[in-house]
Amino acid sequence: MATARIASSRDYEQVAAILQRDPVEALPVAAWLGSGGPTQLGTRRIWLCGDALCYSGANLLPIHADEQAARAFARLAIEEGRRCSSIVARLPSAHALWAELEPTWGPARAIRQRQIVMVSDSPAPVPADPDVRVAVAADFDRFYAASIEMYIEEIGISPVAHDGGHAYRWRASELISSRQAYIRTDGPDVVFKAELGAVSADCAQLQGVWVHPDLRGQGIGTAGTAQVLALARRRGVSLISLAVNDFNHAALHSYARCGFRQVAEQMVVLF
């Protein structure tokens, strides 16, 4: 039976090597590790099992895990106690992970059984919207309001319900200050928004793509996404990834038009 253990600073090279095997899957963890280097491994948030690892924080994120490693991470997760609000894991190992966790951590609030993981590494083959730009501090209030609408629509709950919006406001402010937020406006209204949720040396993750409900079906999302790709590449990002629910056919079509291609599938468990 495979066993998992908590990584220490002495494991930094092994952890870095695992993350390099799949920069797309490893992106959130690589971005987190890159912010503090080996000292991050003193926080008990990285677990190791053979040549797989798992990040345990606001999300539970196994990386390069087969079914045996997934079960080992699940056993350690039960021992440590749940501190995450979601699980994001590649299929098919996600099923083994959740099968172990569900009796203790369940029931989940929602499960996205199949999300399509896509990547883009070349310019979008469709016209970009030149009115989409990097958001600035003056855009904060409307970017924040649109982000809340997007979150409720996607996740089904308000991101500001538990703390009055403190954490979500901080995150929105961080995205703007790091120039990872993108927006198109029409007067006081947000027409389109998107963000790079995580950025590592190898990859960036596109997320939070949203078009005003009254303006959907006009190609705004496709043109806006194409512009975000162009702007991201101007800052040196060559590989951009995203994940989209398999039932969101409009988004899948839009991303395919922008040149994204499928590379994997994952499951998301929300608490």
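Start by selecting strand 8 and strand 9: they make a hairpin with two residues between them. In the turn, click on G187, which has a positive phi of about 65 degrees. Keep in mind as you go that this is a predicted model.

**Around the hairpin**

Keep strand 8 (181–186) and strand 9 (189–199) coloured. The two pair in the antiparallel sense, over six bridges. Pick I183, and you'll find that its bridge partner in strand 9 is K193. I183 has a partner in strand 7 as well, where R133 is bridged to it. Strand 7 and strand 8 also run antiparallel, this time joined by two bridges.

**The whole sheet**

Now show every strand. What order do the strands take in the open sheet? Reading across, it goes 1-2-3-4-5-12-6-11-10-9-8-7, with 12 strands and mixed pairing. Look at the edges next: strand 1 (5–6) and strand 7 (133–134) each have a single partner strand, so one side of each is left without a neighbour in the sheet.

Two helices to add here are helix 5 and helix 7. Helix 5 (residues 140–155) packs on the sheet and touches several strands, among them strand 6 (110–120), strand 10 (204–211) and strand 12 (261–270). Its direction makes about 75 degrees with that of strand 9. Helix 7 (residues 220–234) packs on the sheet too, with strand 6 and strand 11 among the strands it touches. For helix 7, the angle with the direction of strand 9 is about 40 degrees.

**Over to strands 2 and 3**

Select residues 46–49 and 52–56. These are strand 2 and strand 3, an antiparallel pair with four bridges. Click on L48 and look across: its bridge partner is L53, in strand 3.

**Helix 3, end to end**

Next, select residues 67–80, which is helix 3. Want to try a quick check? At 1.5 Å a residue, its 14 residues should span 20 Å, and the end C-alpha atoms are 20 Å apart, so the two agree.

At the N-terminal end, D66 acts as a cap, with a side-chain oxygen 3.2 Å from the backbone nitrogen of Q68. Just after the helix comes G81, which takes a positive phi of about 90 degrees.

Which residues of helix 3 are buried? They are A69, A70, A72, F73, A74, L76 and A77. Turn on their neighbours and you'll see these buried residues packing against strand 1, strand 2, strand 3, strand 4 (59–63) and helix 4 (93–105).

**Aromatic rings**

Time for some rings: the count comes to seven aromatic pairs. One of them is Y255 with F260, an edge-to-face pair at 5.8 Å centre to centre, with 70 degrees between the planes. Are these two buried or exposed? Y255 has 10% relative accessibility, so it counts as buried. F260 is buried as well, with a relative accessible area of 5%.

Then select F140, Y144, Y151 and Y168, which form one aromatic cluster.

**Last stop: S173**

Finish at S173, which sits in helix 6 (residues 166–177). With 37% relative accessibility, S173 counts as partly exposed. Now draw a distance from its C-alpha atom to that of D141: the two residues are 32 apart along the chain, and these atoms are separated by 9.6 Å.

Conventions. Residues numbered from 1 in each chain as written. Predicted model: local features only at pLDDT ≥ 70, side-chain atom pairs only at ≥ 80, totals over all residues. Heavy atoms only, no water. Pairing = 2+ DSSP bridges. Contact = heavy atoms within 4.5 Å. Axes fitted to C-alpha atoms, helices over the stretch in contact; angles between N-to-C directions. Expected span 1.5 Å × (residues − 1). Buried < 20%, exposed > 50% of the residue type's maximum accessible area, 1.4 Å probe, protein only. Polar contact = N/O pair within 3.5 Å; in protein donor to acceptor, adjacent residues only side chain to side chain. Phe/Tyr/Trp six-rings, centres within 6.5 Å; stacked < 30°, edge-to-face > 60°.
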